[in-house]
Structures are given as C-alpha cells and as structure tokens.
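Here are some exercises to work through at your own pace. Have the sequence and the 3D view open, and try each task before reading its solution.

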Amino acid sequence: MTLSRDELWPRAGLWASFDDAPGPWDAALLGAPAFRTSLSPTGAHATPAAVRDALQRYSPTLMGNPPVDLNEVLRIADAGDVSSPDGPDGEAALRERVRELQRRTELIIALGGDNSITYAVAQGADAHGLITLDAHFDLRDGESNGSPVRRLVEDGLDPHRIVQIGIADFANSAAYARRAAELGIAVITLDDVRREGIEAVVARGLEVAGSASGRIHLDIDVDVCDRSVAPGCPASVPGGLAAWELRTAVRAIASDARVVSADIVEVDATADATDARTVRLAALCVLELLAGKAAQK
C-alpha cells in the first residue's frame with residue numbers, strides 16, 4: 001500500500017518496538033495469530049499484519065477542543081507476534097509473553113487470530129473479571145475458538161465476574177444459554193443493548209466484572225457486528241451491532257482503569273471485502289482502546 005506523506009498528518013501504528021526501550025508503556029500491541037482450532041475454516045493468522053497495515057490509514061488524533069494526539073499523550077509500543085499461539089505449547093507461550101508485557105504495560109492489546117486467544121491472554125494478564133462483546137457464548141466443550149469462556153471458568157475465573165454483551169438470537173443453542181444461566185454469567189443480549197443503550201450496558205458490565213477487585217479483560221469479537229460491516233468475520237450475522245456501536249462500547253469500557261488487557265478477534269483478513277472494511281474496523285478498535293486509555297489521563 002502506498003500512502004501519502006505529510007509531516008503535519010502523522011499516522012497511527014508507527015510505534016516503537018516494546019523490546020527496544022525500557023518503558024514503562026501505557027499500551028502495547030501483541031499479535032496472536034491463532035487459527036488452527038477454529039470451528040470454521042479461517043485465515044485469521046493473516047490478520048495481525050493486516051491490522052497493523054490498516055492502522056497507518058488513520059491518524060492518532062481525537063477531535064476536540066483542543067484536539068488530542070494519542071502519540072503525544074500515550075507511550076505506545078508494538079511487541080511483535082507470538083509466532084505459533086495454537087495448542088497447549090502455543091497457549092503457554094502466549095500466556096508467558098502477556099505476563100512479561102504486563103510487568104511494564106498498563107494495557108495489553110492482543111490482535112487475533114481467532115477467539116481461542118482469549119483464554120491465554122486473560123490468564124497471562126491475571127484478569128479477575130471478563131467482559132465479552134460477542135454474539136456467542138463461547139461455552140462449548142473441547143478446545144477451540146468456541147470454548148475460551150468455558151475454559152477460563154474451569155480454570156478458576158469466577159463466572160459471576162463475567163459479562164457477555166451482544167449475545168444474539170439464532171447464533172447460539174438453548175443448551176449453551178442454559179449453561180450460561182447455570183454458571184451465573186451476566187448475559188446482555190443484542191436486544192438488551194438496543195433497548196438500554198450502550199452507556200447503560202457498559203456501566204452494568206463494568207460493575208459486575210470489576211466488583212471486589214480490579215483487573216478486567218475485554219474480549220472484542222468483531223462478529224458481534226452486523227455482517228454488512230464485518231463480512232470478514234465467519235460468524236457475523238445480519239442485524240448485529242453497527243460499527244459505531246462497537247467503537248463506542250470499546251472506548252467506554254477501555255476508559256475504566258481496571259481494564260488491563262483486551263483482544264480483538266475473529267477477523268479473517270483473507271475473507272474480507274475488497275475494501276478491507278472488517279480489518280479497518282478492527283484497526284479502529286485498537287484506536288478506540290487507546291482513546292479510552294487516554295481518557296484516564
């Protein structure tokens with residue numbers, strides 16, 4: 001991709017290498033190109049690189065009076081990729097890399113890859129609460145991109161500290177809905193979001209996931225969005241969230257200092273529309289996470 005050059009129009013994504021400077025960092029980007037256990041065939045391993053390219057299409061500037069350049073108010077680093085994050089060995093490597101990053105970073109942003117990375121990233125960040133923006137419960141049996149929430153619960157995450165926002169009709173089974181209810185997970189459906197509004201459901205989610213002690217992980221499964229804006233998500237359906245709704249929710253959640261890690265998952269860069277709209281939405285979610293972090297300053 002060839003982009004114009006303008007010294008007065010800086011680009012996002014051109015951040016320092018995490019390992020080349022001591023930090024501390026406000027935020028660090030980490031690629032986690034998992035794809036081998038996906039329930040649907042996917043090229044999600046190509047997505048971290050695609051999102052990094054897409055970031056350069058955007059400026060790091062928030063409009064306001066005065067405007068805010070995220071590159072000036074935040075210390076942002078890129079920590080590269082965990083090369084093979086699939087399977088037990090890959091998950092162990094991802095978990096350890098996140099642990100290493102969190103010692104010097106306030107917010108870790110993991111670029112999937114499929115939703116399986118939520119399991120190791122949340123554990124590596126020592127998260128005590130979980131918020132998912134997702135059309136699906138991810139409570140399936142086995143080890144796949146459909147099981148990270150169940151695996152976290154089985155490994156000790158308190159299900160009463162889990163909030164799932166955007167759960168959709170016709171995208172889940174009654175058995176998994178009953179499983180969520182039996183575990184005590186707080187479920188906020190897509191209809192609830194539309195009825196109550198983003199601000200209200202985010203406040204409720206933060207209250208549940210962040211109660212008692214802090215350290216919340218945010219799972220951003222882009223297939224929560226309408227298929228018209230997320231065609232590169234294998235499981236996105238017509239009628240999901242609008243792009244602006246997802247972006248608003250991401251920024252609002254990330255504005256809470258208890259959010260210490262996030263992942264952006266389920267985007268298949270190889271199956272995207274020709275205008276790369278899904279990858280570009282994922283890149284904007286990175287910037288919305290950073291905008292939320294900047295709001296804490």
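Three exercises follow, each with a worked solution.

Before you start, note that this is a predicted model, in which local features need pLDDT of at least 70 and side-chain atom pairs count only at pLDDT 80 or more, while totals for chains, interfaces and linings use all residues. Residues are numbered from 1 along each chain as its sequence is written, and side-chain values use heavy atoms, with hydrogens and water left out.

**Exercise 1. Place Phe18 in the fold and list its contacts.**

Step 1: Find the segment. Phe18 sits in the loop that links strand S1 (16–17) to strand S2 (25–32); strands here are DSSP runs of E with at least two residues, helices are runs of H or I with at least four, and both are numbered from the N terminus.

Step 2: Is Phe18 buried or exposed? Its relative accessible area is 0%, so Phe18 is buried (buried is under 20%, exposed over 50%, partly exposed in between, with a 1.4 Å probe and protein chains only).

Step 3: Look for partners. Leaving aside residues up to four places away in sequence, Phe18 touches Trp25, Ala28, Ala77, Asp78, Ala79, Arg97, Leu101, Arg104 and Thr105 (contact means heavy atoms within 4.5 Å).

Step 4: Check a distance across the chain. Between the C-alpha atoms of Phe18 and Gly240, which lie 222 residues apart along the chain, the separation is 35 Å.

**Exercise 2. Work out whether Cys225 and Cys285 are bonded or unbonded.**

Step 1: Recall the chemistry. A disulfide is a covalent bond between the sulfur atoms of two cysteines.

Step 2: Apply the cut-off. A disulfide needs a pair of cysteine sulfur atoms within 2.5 Å. The closest cysteine sulfur to that of Cys225 belongs to Cys285 and is 6.9 Å away, so the gap is too far for a bond. Cys285 is likewise in no disulfide.

Step 3: Check the total and the surroundings. The structure holds 0 disulfides. Cys225 is buried at 0% relative accessibility, and Cys285 is buried with a relative accessible area of 0%.

**Exercise 3. Describe the lining of the second largest pocket.**

Step 1: Start with volume. This pocket has a volume of about 200 Å³.

Step 2: Find the centre. Of its 14 lining residues, Gln123, Ala127, His128, Gly156 and Leu157 are the closest to the centre.

Step 3: Which elements give two or more residues to the lining? They are helix H4 (117–124) and strand S7 (129–133).Step 4: Check the terms. On a 1 Å grid over the protein atoms alone, a pocket is an open set of points where a 1.4 Å probe fits, with protein on both sides within 12 Å along at least five of seven lines; lining residues have an atom within 4 Å of a point. Volume is the space filled by probe spheres set on the points.
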